[in-house]
Amino acid sequence: MFVLVNLKAYPCDPVAVAEAAQDVSEETGVRVAIAPQAAHLSAVADTGVETWAQHVSPVEHGSHTGSTLAEAAADAGATGTLINHSENRLKLADVDGSIDAADRADLETIVCANNPDQIGAAAALGPDSVAVEPPELIGTGTPVSKADPDIVTDAVEAAAAVDESVDVLCGAGISTGDDVVSAQDLGATGVLLASGVAKADDPRAALEDLVEPLA
Ligand SMILES: O=C[C@H](O)COP(=O)(O)O
């Protein structure tokens, strides 16, 4: 299982969380990555943890003020990027363009989607992975893998019907090792989470609990 922790714009210490994630990953052998703010990519990557961008723009080098250039994210140490997160929705053409931009910069891609129908559409655009996240469960602490298990199994089916090579993660409300195991049992190959770690009093302990059943 792949555990991807999105720090969103939460007021946590990105380097401290990254160091904890790197330690936990090394100690357990579980793949753990951190997606910080773009301005924190270098500092997070310097810890040695696998580092992801939260977004890349569908642009090349040029006159694109305010964009997040995929090549710049890669230069800063990112090896992958989220695209079309529920909190940063893109037009279909821009999802496609962001995947192209990430591919040019050699970034692994996860395209987020709300439901299985959108997962099928996202898989058709050729990302490495997709992540299904019901928006109403994001940040609630109620795990999608328990609250709405059908959405995960249907998403796995929808992606496989389009392209069996596209992995499926699930997210929203995931915060414990039990939640991760439930996601795995439903066919997900990873989890995308945020508040369970970024808002935890002790992010290291939260990460240890998340991966403990996988170690
Ligand atoms: O990117 C992460 C997801 O939006 C899930 O957020 P959450 O773990 O706070 O529910």
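**Annotated sites in a predicted model**

User: Where does UniProt place the feature "active site"?

Analyst: The model discussed here is predicted. The annotation comes from an unreviewed UniProt entry. That entry puts the "active site" at H85 and E133.

User: How far apart are these residues in space, given that they are spread over 49 residues of sequence?

Analyst: In sequence, H85 and E133 are spread over 49 residues. In space they cluster. Their largest C-alpha distance is 8.8 Å.

User: Which loop holds H85, and which holds E133?

Analyst: Strand β4 spans 80-83 and helix α4 spans 92-104, and H85 sits in the loop between them. For E133, the flanking elements are β6 (129-132) and α6 (144-147). So the loops, by definition of the helix and strand runs, are β4 to α4 for H85 and β6 to α6 for E133.

User: Is H85 buried or exposed?

Analyst: The cut-off for burial is 20 or more other C-beta atoms within 10 Å. H85 has 23. H85 is therefore buried.

User: Why does E133 count as buried?

Analyst: The same test applies: 20 or more other C-beta atoms within 10 Å. E133 is buried because its count within 10 Å is 25.

User: Which residues does H85 touch, and which does E133 touch, leaving out those up to four places away in sequence?

Analyst: H85 touches Q54, H55 and C112. C112 is also among the contacts of E133. The full set for E133 is S86, C112, N114, I138, G171, A172 and L192.

User: Which residues does the UniProt annotation "binding site" cover?

Analyst: This annotation is also from an unreviewed entry. One of its residues, I138, is touched by E133. The annotation covers N6, L7, K8, I138, G173, A194 and S195. Although spread over 190 residues of sequence, they cluster, with a largest C-alpha distance of 14.2 Å.

User: Where does N6 lie, and what does N6 touch?

Analyst: N6 is part of strand β1, residues 2-6. N6 is buried, with 23 C-beta neighbours inside 10 Å. Beyond four places in sequence, N6 touches A35, Q54, L82, L192 and A194.

User: Is G173 buried or exposed?

Analyst: G173 lies in the loop between β7 (167-171) and α8 (177-185). Apart from neighbours within four places in sequence, its contacts include L137, T140 and G141. Inside 10 Å there are 26 C-beta neighbours, so G173 is buried.

Definitions and conventions: Residues numbered from 1 in each chain as written. Predicted model: local features only at pLDDT ≥ 70, side-chain atom pairs only at ≥ 80, totals over all residues. UniProt positions renumbered as here; feature names shortened; annotations may be inferred. Helix = DSSP H or I, 4+ residues; strand = E, 2+ residues; numbered from the N terminus. Buried ≥ 20, exposed ≤ 12 C-beta atoms within 10 Å, placed from the backbone. Contact = placed C-beta atoms within 7 Å.
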